[in-house]
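I opened my notebook today to look up a few charged pairs and one strand residue. Here is what I was looking at.

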Amino acid sequence: QVQLVESGGGLVQAGGSLRLSCLASGSFVSIENMGWYHRTPGRQRELVAMISRRGITTYVDSVKGRFTISRDDANNTVYLQMNSLKPDDTAVYYCNADVRVIATSLSNYWGQGTQVTVSS
């Protein structure tokens, strides 16, 4: 069983920074794409940023230049450095990963979410 556990959320003032971490644990061969999504009340989860196994990154336009996604494959961890935070960034942030549990099978997993609140 694969588990994704996020940490690093909290309350911060506008203009501040937070760093989210997501640790993948369990038995698996490799982790392919890793990403961060967020969800605000009344809306579905939306992609914030994604990083491929080769390090190719994708960002939603609203966070470009402010957020940076990175990964540490030696420690099965993905990070989201969030700078210049705005009240609109307030949401529950979820880690997501495509995990190759066995060589011929790819499965998608979600973390439990971590709350980020940005005060004005």
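Before listing neighbours, I noted that contact means heavy atoms within 4.5 Å. I also wrote down that this is a predicted model.

**Entry: Thr57.** I found Thr57 in strand β6, residues 57-59. Leaving aside residues up to four places away in sequence, I saw that Thr57 touches Met50, Ile51 and Ile69. Is Thr57 buried or exposed? Neither label fits, because its relative accessible area is 35%, so I put Thr57 down as partly exposed. I looked up Gly35 too: its C-alpha atom is 9.3 Å from that of Thr57, and the two residues are 22 apart along the chain.

**Entry: salt bridges.** How many salt bridges does a search of the whole structure find? I wrote down 6.

I began with Glu32 and Arg100, whose closest N and O atoms are 3.6 Å apart. This pair links distant parts of the chain, with Glu32 in strand β4 (residues 30-39) and Arg100 in strand β9 (residues 91-102), 68 residues apart. Glu32 is buried at 18% relative accessible area, while Arg100 is partly exposed at 24%. I also noted a network of salt bridges that links Glu32, Arg53 and Arg100.

Next came Asp61 and Lys64, which form a salt bridge at 2.9 Å, N to O. Asp61 is exposed, with a relative accessible area of 61%.

My last pair was Asp89 and Arg66, at 2.8 Å, N to O. Asp89 sits in the loop between β8 and β9 and Arg66 in the loop between β6 and β7, so their salt bridge ties together parts 23 residues apart in sequence. I marked both Asp89 and Arg66 as buried.

Note on methods: Residues numbered from 1 in each chain as written. Predicted model: local features only at pLDDT ≥ 70, side-chain atom pairs only at ≥ 80, totals over all residues. Heavy atoms only, no water. Helix = DSSP H or I, 4+ residues; strand = E, 2+ residues; numbered from the N terminus. Buried < 20%, exposed > 50% of the residue type's maximum accessible area, 1.4 Å probe, protein only. Salt bridge = Lys/Arg side-chain N within 4 Å of Asp/Glu carboxyl O.
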